Amino acid sequence: MNTIAKLPSGKVLDTSRFVALIPLTNTDNGSYDLILEGYSTPINIEASDAHALEQLLQSNQTGVQARDTIVYDQEQLKRNQRPLELLAKRIELHRNMPKEEAQQRRELFEEFKKIIDAERPSGQKLYSKQ
């Protein structure tokens, strides 16, 4: 990302140092105070410069968000490949499971739910309505 910007007044600015843009209410000319990181005093800029800077910062932010989202999505897809493969295998295993084994698993799960709820106080049961 380009961090150097030339404003309509001809001023050149390093936008990576940008902290804040504050409209001055005590003047009639619509000027702004530009606060930059590392500067002890604000820089007074014209309204046209302030509006150009605002548009530049918004367009940079939109571009960064879009690029970051794409990169994050691609990285996340790469990280998810192995778990997705394992999940697909597990789904296939359950589809091909014999009915007797499926019934045994259901019974084991029902027993598990009873044990868990037996250990929890009344009103805090996870599986039963008591």
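**Aromatic cluster, sheet and overall fold of the predicted chain**

Phe 109 is partly exposed, at a relative accessible area of 41%. This value, like the others reported here, comes from a predicted model. The residue belongs to helix H2, which spans residues 99-118. Phe 112 lies in H2 as well. Three residues separate the two, about one turn of the helix. Phe 112 has a relative accessibility of 38%. That value falls between the 20% limit for buried and the 50% limit for exposed, so Phe 112 counts as partly exposed.

The structure holds three aromatic pairs. One of them joins Phe 109 and Phe 112. A pair of aromatic rings is described by the distance of the centres and the angle of the planes. For Phe 109 and Phe 112, the centres lie 6.0 Å apart and the planes enclose 20°. The arrangement is stacked, because planes under 30 degrees apart are counted that way.

Phe 109 also pairs with Tyr 127. Here the centre-to-centre distance is 6.0 Å and the angle between the planes is 80°. This pair is edge-to-face, because its angle is over 60 degrees. The contact links distant parts of the chain. Phe 109 sits in helix H2, whereas Tyr 127 sits in the segment after H2. The two residues are 18 residues apart. Tyr 127 has a relative accessibility of 39% and is partly exposed. Phe 109, Phe 112 and Tyr 127 together form one aromatic cluster.

The secondary structure of the chain consists of two helices and five strands. Along the sequence, the pattern reads β-β-β-β-β-α-α. Three of the strands build an open sheet in the order S3-S4-S5. Their pairing is antiparallel. Strand S3 (18-23) and strand S5 (43-45) stand at the edges. Each has a single partner strand, so one side of each lacks a neighbour in the sheet. Neighbouring strands of this sheet are turned against each other by 30° on average, direction ignored.

The pairing of S3 with strand S4 (residues 32-36) runs over five bridges, in the antiparallel sense. Within S4, Asp 33 stands opposite Ile 22.

Helix H1 covers residues 47-95 and includes Ser 48. Ser 48 is partly exposed, with 37% relative accessibility. Between the C-alpha atoms of Ser 48 and Tyr 32 the distance is 9.8 Å. Along the chain, these residues are 16 residues apart.

Across the chain, the mean pLDDT is 83. A value of 70 or more is reached by 87% of the residues. Confidence is highest in H2, at 94. The lowest mean, 78, belongs to strand S1 (residues 4-6). The helix with the highest confidence, H2, thus also carries Phe 109 and Phe 112.

The chain has 130 residues, of which 15% are buried. Its accessible surface comes to about 10,500 Å². Carbon and sulfur atoms account for 54% of this surface. Among contacts with a separation of 6 or more, 23% join residues 24 or more positions apart.

Definitions and conventions. Residues are numbered from 1 along each chain as its sequence is written. This is a predicted model: local features need pLDDT of at least 70, side-chain atom pairs count only at pLDDT 80 or more; totals for chains, interfaces and linings use all residues. Side-chain values use heavy atoms; hydrogens and water are left out. Two strands pair if DSSP finds at least two bridges between them. Helices (H or I, at least four residues) and strands (E, at least two) are DSSP runs, numbered from the N terminus. Axes are lines fitted to C-alpha atoms, for helices over the stretch in contact, and angles run from 0 to 180 degrees between N-to-C directions. Rings of Phe, Tyr and Trp (its six-membered ring) pair if their centres lie within 6.5 Å; planes under 30 degrees apart count as stacked, over 60 as edge-to-face and the rest as tilted. Buried means under 20% relative accessible area, exposed over 50%, partly exposed in between (1.4 Å probe, protein chains only). pLDDT is the predictor's confidence in each residue, from 0 to 100. Contact means heavy atoms within 4.5 Å. Accessible areas come from the Shrake-Rupley method with a 1.4 Å probe; for residues, only the protein chains shown count as cover.
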